[in-house]
Amino acid sequence: MLLKTLATAAAVAAALAATPALAQLKIGVVTSATGPTALVGIPQKNSVALLPKKIGNLDVQYISLDDASDPNQTVTDFKKLISEDKVDAIIGPSGSPNAMGVIQFAAESGTPMLAPVGTAAVVLPMTPQKKWVFKTTQNDDIIAKALVDHMVKTHVKTVGFIGLNDAFGENWLKVFGNLAKQHNIKVVATERYQRSDSSVTGQALKIFAAKPDAVLIAGTGGAAVLPEVTLAKQGYKGTFYQTHGAALPAFLKLGGKYVNGTVLAASLMLVLPEIPDSNPSKKVAEKYIAAYEKLYGQKPATFGANVYDAGLLLERAVPVAEKSAKPGTKEFRSALRTALENVHELVATQGVYNMTPEDHSGFDDRGRELITVKDGQWRLLK
């Protein structure tokens, strides 16, 4: 009996030895599920559950952390994921200033960072550090060009600008300012505010006094609503323009009647029923929305799709990197960075990615739609 048992055990051991161990891929995720950026971070954190559990022959483990919208906590979370958890890549963080503060740690450790943030400053201008960062949202210039084209078409000559006093707002002022100048549009007032501000009355009064034809607000999440509502209540009657940072359901709910007529350029997800079936991203977006709604009972904000698209990028790049090295190694992370940089024609929820060494966002005009708010709903601006 003992010999039979030992023989059986030996046979099982031999079988197990003959079966190759399933390798594992570790992906860190940092979102702002609490704090001032929570309207952006919550759908991003929720979308982690929809990321691929397996890529090729690799099981994927996601280690998700909340930085509470605090850039200092973002640094702590990044360091933990890199040094303790030894992740192969990091998706996050949610906020632009948070992302700017951790680029150096991604670069020093050689860990690819897929940043679902608004500002193009995380990838532009390209530097040896920023080559480790890949941005899963549209760059500011793509969005700004659509807005400026609309301003030209509607004969806007003067604009008041109010933006967040951080990397998102500052880059928007730079990009928009250059485009406006090229089209003889004068920025007659420039104001800034904080994400956590509960009042922007002083800034709004200065913009109101300048009597611009239009006002551009460069804010994200709930913070994008405050300047517009404040100016509207003060009696401003010009056109309001918003960036893709305002593209979430809460903007409509918080703004109410005051945001009707707003013009923004953003993801096709906001107006999906109006998008033709011929658009390749429509099916991908519908699949993501249906999966999110099934799990959480509500539709996601477009910010969640930025994390979902990070998963699509990894699905494309990981099998390529795996041909060069095994996960958990410096060589694999380097190969993964190179593979991400060479992703071409990847159809995602909000457009098509074509990465290059110079462009780590990869979107073109297929990554935006010109949209307005009509009767409290997003509508394609035709």
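**Figure 1. Overall view of the predicted chain, with 13 helices and 15 strands.** The radius of gyration is 23 Å, close to the 21 Å that the globule rule gives for 382 residues, so the chain is as compact as a globular protein of that length. Along the principal axes, the C-alpha atoms fill a box of roughly 95 × 40 × 35 Å. Buried residues make up 56% of the 382. Of the contacts between residues at least 6 apart in sequence, 67% join residues at least 24 apart.

**Figure 2. Surface and charge of the chain.** The accessible surface comes to about 16,400 Å². Carbon and sulfur atoms account for 55% of that surface. The chain carries 41 positive and 34 negative side chains. The centres of these two sets lie 2 Å apart.

**Figure 3. Close-up of Ser-96 in helix α4.** Helix α4 covers residues 96-100, and Ser-96 belongs to it. Ser-96 has a relative accessible area of 2%, so it counts as buried. Leaving aside residues up to four places away in sequence, Ser-96 touches Val-117, Gly-118 and Thr-119. It also touches Ala-167, Phe-168 and Arg-195. Two of these partners, Ala-167 and Phe-168, are themselves among the buried residues of α7.

**Figure 4. Helix α7 and its surroundings.** Helix α7 runs through residues 167-182, 16 residues in total. From first C-alpha to last it reaches 23 Å, close to the 22 Å expected at 1.5 Å a residue. Its buried residues include Ala-167, Phe-168, Gly-169, Asn-171, Trp-172 and Leu-173. Val-175, Phe-176, Leu-179 and Ala-180 are buried as well. An α-helix has 3.6 residues a turn, so residues three or four places apart point the same way. The cover over the buried residues of α7 includes helices α4 and α6 (140-153). Strands β7 (158-164), β8 (186-193) and β9 (214-218) are also part of that cover.

**Figure 5. Helix α13 and its packing partners.** Helix α13 spans residues 330-341 and has 12 residues. It reaches 17 Å between its first and last C-alpha, close to the 16 Å expected at 1.5 Å a residue. Phe-332, Ala-335, Leu-336, Ala-339 and Leu-340 are among its buried residues. Charged residue types appear there too: Arg-333, Arg-337 and Glu-341 are buried. The buried residues of α13 pack against strands β1 (24-31), β4 (89-91), β5 (113-115) and β6 (133-135). They also pack against helices α5 (103-109) and α12 (302-322).

**Figure 6. Two cis peptide bonds that lead into prolines.** The bond from Gly-92 to Pro-93 is cis, with omega near 0 degrees. Pro-93 sits in the loop between β4 and α4. The bond from Leu-124 to Pro-125 is also cis, with omega near -10 degrees. The loop between β5 and β6 holds Pro-125.

**Figure 7. Loop residues Lys-86 and Asn-184, each with a positive phi.** Lys-86 is not a glycine, yet its phi is about 55 degrees. Lys-86 lies in the loop between α3 (71-84) and β4. Its relative accessible area is 54%, so Lys-86 is exposed. Asn-184, likewise not a glycine, has a phi of about 60 degrees. Asn-184 occupies the loop between α7 and β8. Its relative accessibility is 66%, so Asn-184 counts as exposed.

Conventions: Residues numbered from 1 in each chain as written. Predicted model: local features only at pLDDT ≥ 70, side-chain atom pairs only at ≥ 80, totals over all residues. Heavy atoms only, no water. Helix = DSSP H or I, 4+ residues; strand = E, 2+ residues; numbered from the N terminus. Rg over C-alpha atoms; globule rule 2.2 N^0.38 Å. Buried < 20%, exposed > 50% of the residue type's maximum accessible area, 1.4 Å probe, protein only. Contact = heavy atoms within 4.5 Å. Areas by Shrake-Rupley, 256 points an atom, 1.4 Å probe, with all protein chains shown as cover. Charge placed at Lys NZ, Arg CZ, Asp CG, Glu CD. Expected span 1.5 Å × (residues − 1).
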